[in-house]
Amino acid sequence: MRLVLLGAPGAGKGTQGELLAREYHIPHIATGDLLRAAMAAGTPLGEEARRYVSRGELVPDEVVIGVVRERLAAPDAEHGFILDGFPRTEAQAKSLDAFLEESGRPLKLAVFLDVEPEVLMRRLSARRVCPKCGASYHLESRPPKTPEYCDACGSRLIQREDDREEVVARRLRVYQAQTEPLLDFYARRGLLVRVAGTGTPAEILARVKAAIEEGVK
Ligand code: AMP
């Protein structure tokens with residue numbers, strides 16, 4: 001099982017990626033998480049990424065491609081992976097193709113989580129995340145049991161810097177301009193499946209699993 005999750009910011013890639021990883025026992029590899037971890041650790045990669053992430057812009061292709069290649073070479077990704085937030089540009093998609101072909105394990109499926117823009121805006125403004133373990137909540141539809149604290153590890157939740165309204169607007173524009181064209185890219189290769197991304201996480205998961213079982217044969 002080697003798949004990419006496509007969708008706008010707030011489409012639910014992180015939530016579905018986690019659920020699918022548990023279901024299929026393969027790693028969920030989210031470039032946003034990898035970059036945020038590097039930023040929190042203050043590494044040179046993190047410092048470079050911060051300049052783009054905080055403004056809602058894309059980190060340069062060569063930087064992100066390097067991060068993903070290294071992560072995909074790790075032993076736990078040998079038997080499959082779920083990529084979330086990568087690729088985001090055509091150059092990234094082509095580089096991923098080349099890398100996977102080289103290692104004899106081509107991509108099986110690209111799952112597009114389809115969500116309308118108004119829903120995306122509402123989800124992103126109400127999103128709260130755990131800075132320690134990365135768990136994600138929604139103030140109304142998926143609140144933590146104790147307000148403001150992570151169910152999983154008890155840390156105080158925060159709003160991602162790039163979930164602020166002015167940055168969200170830029171991220172959605174960047175998505176439309178640079179990432180949406182990838183839907184065609186994968187459709188042309190016969191790899192794209194479209195899944196309605198509204199409803200509860202469990203409802204969406206059921207649709208995604210059905211699409212995977214249909215698409216990965
Ligand atoms: P995400 O958590 O996927 O919303 O990513 C947060 C931010 O990290 C994005 O707004 C970008 O600044 C950066 N980022 C994550 N993945 C990529 C990627 N594949 N290419 C470029 N920038 C990325």
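Tutor: Let's begin with a definition: on a 1 Å grid over the protein atoms alone, a cavity is a set of points where a 1.4 Å probe fits but cannot get out, and its lining residues have an atom within 4 Å of a point. A volume is the space filled by probe spheres set on the points, which are joined across faces, edges and corners. The model is predicted, so local features need pLDDT of at least 70 and side-chain atom pairs count only at pLDDT 80 or more, while totals for chains, interfaces and linings use all residues. Residues are numbered from 1 along each chain as its sequence is written, and side-chain values use heavy atoms, leaving out hydrogens and water.

Student: Happy with that! What is the volume of the largest cavity?

Tutor: The structure holds one cavity of 30 Å³ or more. For the largest cavity, the computed volume is about 40 Å³.

Student: Which helices each supply at least two residues of its lining?

Tutor: Start with the lining residues, among them Ile65, Val68, Arg69 and Leu72, and also Gln92, Ser95, Leu96 and Phe99. Helices here are DSSP runs (H or I, at least four residues), strands are E runs of at least two, and both are numbered from the N terminus. Set against those runs, the helices that each give at least two lining residues are α4 (61-72) and α5 (90-102).

Student: Phe86 is on that lining too. Which residue does a cis peptide bond join to Phe86?

Tutor: Look at the loop between β3 and α5, where the partner lies. Omega is about 0° at this bond. The residue joined to Phe86 is Pro87.

Student: Which residue other than glycine has a positive phi near 55°?

Tutor: Go to the loop between α1 (13-24) and β2 (28-30). The residue there with this phi is His25.

Student: Now the ligand. Which helix gives the most to the shell around it?

Tutor: A residue is near the ligand if one of its heavy atoms lies within 4 Å of it. There are 16 residues around the ligand, and Thr31, Arg36, Glu57, Gly85 and Arg88 come nearest. The helix in question covers residues 31-41 and gives four residues to the shell, the most of any element. This is helix α2.

Student: How far from an oxygen atom of the ligand is the backbone N or O atom of Glu57?

Tutor: Let's compare it with two other polar contacts (pairs of N or O atoms within 3.5 Å). A nitrogen atom of the ligand is 2.8 Å from a side-chain N or O atom of Thr31, and a backbone N or O atom of Val59 lies 3.0 Å from a ligand nitrogen atom. For the backbone atom of Glu57 and the ligand oxygen, the distance is 2.6 Å.

Student: Which element of the protein chain has the highest confidence?

Tutor: The scale is pLDDT, the predictor's confidence in each residue, from 0 to 100. The chain averages 94, and 100% of the residues score at least 70. Confidence is lowest in helix α6 (residues 117-125), with a mean of 91. At 98, the highest value belongs to residues 81-84, strand β3.

Definitions and conventions:
Polar contact = N/O pair within 3.5 Å; in protein donor to acceptor, adjacent residues only side chain to side chain. 1 Å grid on protein atoms, 1.4 Å probe; cavity = no way out; pocket = protein on both sides within 12 Å on 5 of 7 lines; lining within 4 Å.
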